[in-house]
Amino acid sequence: MAFVQFSKVSLAFGDRDILKDVSVNLQTGTKAALTGANGAGKSTLIKIMAGISSPDSGERIAQKDARIAYLPQSGLVHHGCSLKEEADKAFEYGYVMQKQIDDLGEAMKNSPENADKLAVTQSELLNKLNESGWYRREVLAEQVLLGLGFDRDDFTRQTDEFSGGWQMRIALAKALMCEPDILLLDEPTNYLDIEARNWLEKFLQEFRGGFLLVSHDRYFLDHTINEVYELFNGELKRYPGNFSHYEEVRKVELDTLIAQYEQQQQEIQHLEEYIRRFGAKATKAAQAQERQKMLDKIVRIEIPENLKKIHFSFPPAPHSGQLVLTLDKICKSYGGPNVINNLDFVLEKGERLVVAGRNGAGKSTLLRILAGVDSDFTGSVKLGSGVSVGYFSQDSAEKITGSETILERLENEAPLELVPKMRDMLGAFLFRGDDVFKSINVLSGGEKSRIALLELLLKPVNLLILDEPTNHLDMHSKDVLLDALKDFGGTVVFVSHDRGFIEDLATKVLELHPGTYRVFPGDYKYYMQRLEDEANGIVSTPSDIASSATASASKDDVAGTKVSATKLSWEEQKKAQAERRKLEKEVEKIEDKISEADAKKSELENQMANPDVYSNGEKAKAVQKQIDDISLLLEQLNADWEAAAEKLDVAQ
């Protein structure tokens, strides 16, 4: 079993402890996520695990010959060869082993007296090479490249021709193809569309080695990992279960932490008040000094930024008519076949439409047409009565210029009722502390993109058109945005590669393929279920879907064949749904018990910190016995949860 082990690893930047006695063991079968607030040190820790950076102290032990693959967030560029040739570099380990095997063969010829011993070594290497998948490397390379969104035509293209996002896909492909024992992935989904994310999700589910990854995609994490490591204040803590389970447990811990924080703040306030009042009086100076010592000894409690919950609401959406958008025979071409062809569509008030489809299907193009940014098309787009449009795209960042601070700019843009909440809202969009006083003209592209999105959300519009609004946001920021959009009184059209975000927001799906389209009048789970059913031959294209490809067919004929197919599978679908609901309730029940047990354990641990308890042997012994009992209970509950969650994953 391959492993990489870290023991009491510490690292400091100046007077700030990034890592404090961190210990963790990654091995075959590990499926873990690393989480923590922005700037907590996640990327630093992964670099140390990969052997790229060195800690100030501690020990890193890797099994001999263990292959460790590391993918950074960004910055990798490939050049000087074709995509296929670059992909083949992932198999360098095989070429090295093959040379060793060949060298051993030569040595056997030249030293017959050592032939038996050399033959054993050669046989071991041959077995290892066979097991590594070396001889099926071309098939593996093709599967991975196609899975990550490359076309076969790309295989002969020079790597210099690919953009930055596709360069990172090449790097990810190489990391997956080299058959590593341990995978270290820092934001692997950043540059992937939803189809590529789905493929990577399945790859990691079936991956035989171990992996640790950082991601802001909750859905992706919930379907790939079974344990979470949180890095907070330099310390690393493990939580068994998927990411949603971690958040539930962490919420209980956070509630306890907030109560302790508020109690500590009161104590600090009382001590500071006493020192301020009596510090200068000779008769009270000694007591004031004692309180100053007490104040200095207090270990300040901090609340993790990534777990602070912030909520804000949009300005009220102006009134509009029921028909928000009417599209009539929209066609768009870039010189070749139509990317969008004869698109007819009606968007009604209150709908939240996600535009789905692979890269190149025309999603961003359609959003630019709807927003009035692109007028080079045929057909017509008609806005309904009273409709006012707000549009966000990644290009919006280019319009963010000026010398004022972030806070000044946003306070000038915000309605008066939102000005008092501006610091919290900026915090939700990752501008915390002194960041709000940064000048606009020194911000990065990602920071400007977040400012552009926040500015849009402050404007009183009733139709929001959003192209990848979750880019450059962490998980907490996505939650804030999602809550605000769900409460929004207007209509939303959006594109996103974050499946969890789509599932929670979309009420209708417009699926684009180059030259064709389909409209699914249901949420994203319904849409994905229909695609799965179609792939399995359970139902054909449903009768309630509009499609340019079937526009000329007889609607009665189309509907007739599809309704019967749906009826045939209804009982099976109903049974499967009932089983899923049963398993979901079982998981929720166990999660509630875990939350209660965690809260009780925290309460008991607080009691142990009470002088009345720890100074009394009998009381301390009784409380410790309760803590030990509840710890055993938690172990059993976590095991039960993992078993139930696994059953639920299978059922889904």
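Where is the place of Asp592? Asp592 sits in helix α18, and that is a good way into today's topic, charges. Please keep in mind, everyone, that we are looking at a predicted model.

Asp592 is partly exposed, at a relative accessible area of 48%. Together with Glu248, Glu584, Glu588 and Glu596, Asp592 forms a negative surface patch. Helix α18, spanning residues 555–608, gives the largest share of that patch, 4 residues.

Now let's turn to charges that do find partners. Side chains of opposite charge can pair when their charged atoms come close. Searching the whole structure turns up 32 salt bridges, and I'd like to show you a few.

Take Asp193 and Arg169, whose side chains meet at 4.0 Å, N to O. Asp193 lies in the loop between β6 (182–186) and α7 (194–206), while Arg169 is in helix α6 (residues 164–177), so this salt bridge ties together parts 24 residues apart in sequence. Both Asp193 and Arg169 are buried.

Next come Arg218 and Asp479, a salt bridge of 2.7 Å, N to O. Here distant parts of the chain are linked: Arg218 belongs to helix α8 (residues 218–222) and Asp479 to helix α15 (residues 475–487), 261 residues apart. Asp479 is buried, with 17% relative accessible area.

My last pair stays within one helix: Glu253 and Arg250 form a salt bridge at 3.1 Å, N to O. They are 3 residues apart in helix α9 (residues 243–278), which means about one helical turn separates them. Glu253 is buried at 15% relative accessible area, and Arg250 is buried at 6%. Through shared partners, salt bridges join Glu230, Lys237, Arg250 and Glu253 into one network.

Thanks for listening!

Key
Residues are numbered from 1 along each chain as its sequence is written. This is a predicted model: local features need pLDDT of at least 70, side-chain atom pairs count only at pLDDT 80 or more; totals for chains, interfaces and linings use all residues. Side-chain values use heavy atoms; hydrogens and water are left out. Patches are made of residues with over 30% relative accessible area and no salt bridge: like charges are joined within 9 Å, nonpolar side chains (Val, Leu, Ile, Met, Phe, Trp, Tyr) within 5 Å. Accessible areas come from the Shrake-Rupley method with a 1.4 Å probe; for residues, only the protein chains shown count as cover. Lys and Arg count as positive and Asp and Glu as negative; His and the chain ends are not counted. The place of a charge is taken as NZ of Lys, CZ of Arg, CG of Asp or CD of Glu. Helices (H or I, at least four residues) and strands (E, at least two) are DSSP runs, numbered from the N terminus. Buried means under 20% relative accessible area, exposed over 50%, partly exposed in between (1.4 Å probe, protein chains only).
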